[in-house]
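Here is a short tour of a protein model, written for someone who likes to have the viewer open alongside. Let us start with one strand and work outwards.

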Amino acid sequence: MVKPGLGYLGRAVGAGVLAALLAWKPCPALAEVLVLKQGEVRTLPLLQTRARPSLQMEMLYLGMVEERFLGYAHANNWETISSDREDPRWSRWQLRPGGEALYPPDAPPSRDPSEPPLYARGFYVEAYFMGGRLVGMHLIYNPEEPGFNFRQLQRLVRAWFPDNRLMLHYQVLPEDPDQHVLRAYWGTIPPPYLADIQRNSRLPFCQVFFSPTSPQPLVPPSAPPHCLGQAEAGASPAAAQKKTAALR
């Protein structure tokens with residue numbers, strides 16, 4: 001008589017549990033578990049910011065392995081123009097950026113809606129590698145696209161290389177009030193490609209120093225007068241040279 005009683009009790013408890021499950025609305029956590037049990041893969045939405053594509057997990061930096069640099073270029077739709085590897089010690093890639101949207105790393109989280117991101121376009125890139133690692137870059141104005149001024153170049157360099165200390169060299173016409181950048185380079189230029197820079201050295205290069213710990217670029221001493229005015233965005237030469245004390 002005990003065994004039939006236990007069987008009846010078990011069936012009653014099971015029926016009660018089933019009725020409770022049918023009457024209860026599942027919470028989101030249980031719903032996710034049920035979805036996973038049905039063979040569906042749980043996915044999270046991509047992080048987005050205003051007027052910007054999916055966040056880039058890989059940023060550029062000097063010393064970057066060549067394959068990873070090319071991976072960044074491919075992911076951002078850069079166009080390959082040519083490559084030069086005559087000497088196994090160094091190589092050069094000529095590319096046209098794909099226009100990825102960039103913000104400087106020190107930009108405030110709640111940015112002004114009137115200030116759009118900077119798009120990497122308007123120039124050709126020559127990327128230099130030594131021992132399979134990125135050592136320098138050379139930007140050349142592309143007349144087929146809208147150009148960029150020094151302020152935009154500054155934002156671009158800080159957004160591309162947020163963790164590097166580097167000296168930026170750039171060319172602008174002294175009489176150009178718009179500070180239109182003709183050429184720029186930073187890092188190390190391998191010996192076979194120095195002629196690319198020296199060929200255009202009749203126009204003096206301006207110089208600014210970028211550091212991850214400094215929100216503003218520092219102007220080295222003895223810079224041409226037009227470089228001081230542009231780099232400091234209207235500041236006096238005395239104030240600009242005062243900022244260069246950290247370089248000495």
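## Strand β8 and its partners

Gly136 stands opposite Gly187, a residue of strand β8. Before going further, please keep in mind that this is a predicted model. The glycine pairing belongs to a longer match: β6, spanning residues 133-141, runs antiparallel to β8, with five bridges between the two. On β8's other pairing, strand β7 (residues 166-171) is also antiparallel and joins it through four bridges. There, Leu168 has Trp186 of β8 as its bridge partner.

Is β8 mostly covered or mostly open? Residues 183-187 make up this strand, and four of the five are buried, so "mostly covered" is a fair description under the cut-off of under 20% relative accessible area.

## The sheet as a whole

Zooming out, β8 is part of an open sheet of seven strands, ordered β1-β2-β5-β6-β8-β7-β9, with antiparallel pairing. At the edges sit β1 (79-84) and β9 (206-210), each of which pairs on one side only. Ignoring direction, neighbouring strands of the sheet are turned against each other by 20° on average.

At the β1 edge, the partner is β2, residues 90-96, and this antiparallel pair has five bridges. One position to pick out here is Glu79, whose bridge partner in β2 is Arg96.

## Two helices across the strands

Which strands does helix α3 lie across? Residues 66-75 form α3, and the helix lies across β2, β5 (123-130) and β6, running at about 5° to β2.

Helix α4 (residues 150-160) lies across β5, β6, β7, β8 and β9. Its direction relative to β7 is about 150°.

## Aromatic pairs and a cluster

How many aromatic pairs are there? The count comes to 10. Phe161 and Trp186 are one such pair, edge-to-face, with 5.7 Å from centre to centre and 75° between the planes. Phe161 lies in the loop between α4 and β7, while Trp186 is in strand β8, so their pairing ties together parts that are 25 residues apart in sequence. Both partners are buried: Phe161 has a relative accessible area of 3%, and Trp186 has 0%.

Tyr185 and Phe205 form another edge-to-face pair, at 5.3 Å centre to centre and 85° between the planes. This pair also links distant parts of the chain, 20 residues apart: Tyr185 is in strand β8, and Phe205 is in the loop between α5 (194-198) and β9. Tyr185 counts as buried at 15% relative accessibility, and Phe205 counts as buried at 18%. Elsewhere in the aromatic inventory, one cluster is formed by Phe69, Tyr72, Trp78, Phe123, Phe129, Phe148 and Trp160.

## Nonpolar cores

The largest nonpolar core has 39 residues, and those touching the most other members are Phe69, Leu139, Leu153, Trp160, Leu168, Tyr170 and Trp186. Two or more residues each come from α3, β2, β5, β6, α4, β7, β8 and β9. Which element gives the largest share? That is α4, with six residues.

Leu139 is a good residue to select in the viewer. Leaving out residues up to four places away in sequence, Leu139 touches Phe123, Tyr124, Val125, Phe148, Leu153, Leu156, Trp160, Leu182, Arg183, Ala184 and Trp186. Apart from the largest core lies another one of eight residues, including Tyr185, Ile189, Tyr193 and Phe205. The Tyr185 and Phe205 of this core are the partners of the edge-to-face pair described above.

## Two backbone positions to check

If you like to look at backbone torsions, two residues have a positive phi without being glycine. Asn77 has a phi of about 65° and is placed in the loop between α3 and β1. Is Asn77 buried or exposed? With a relative accessibility of 59%, Asn77 counts as exposed.

Gln179 is the other such residue, with a positive phi of about 55°. Its place is in the loop between β7 and β8, which brings the tour back to the two strands that pair over four bridges.

Definitions and conventions: Residues are numbered from 1 along each chain as its sequence is written. This is a predicted model: local features need pLDDT of at least 70, side-chain atom pairs count only at pLDDT 80 or more; totals for chains, interfaces and linings use all residues. Side-chain values use heavy atoms; hydrogens and water are left out. Buried means under 20% relative accessible area, exposed over 50%, partly exposed in between (1.4 Å probe, protein chains only). Two strands pair if DSSP finds at least two bridges between them. Axes are lines fitted to C-alpha atoms, for helices over the stretch in contact, and angles run from 0 to 180 degrees between N-to-C directions. Contact means heavy atoms within 4.5 Å. Rings of Phe, Tyr and Trp (its six-membered ring) pair if their centres lie within 6.5 Å; planes under 30 degrees apart count as stacked, over 60 as edge-to-face and the rest as tilted. A nonpolar core is a set of buried Ala, Val, Leu, Ile, Met, Phe, Trp, Tyr and Cys residues joined through side-chain atoms within 4.5 Å.
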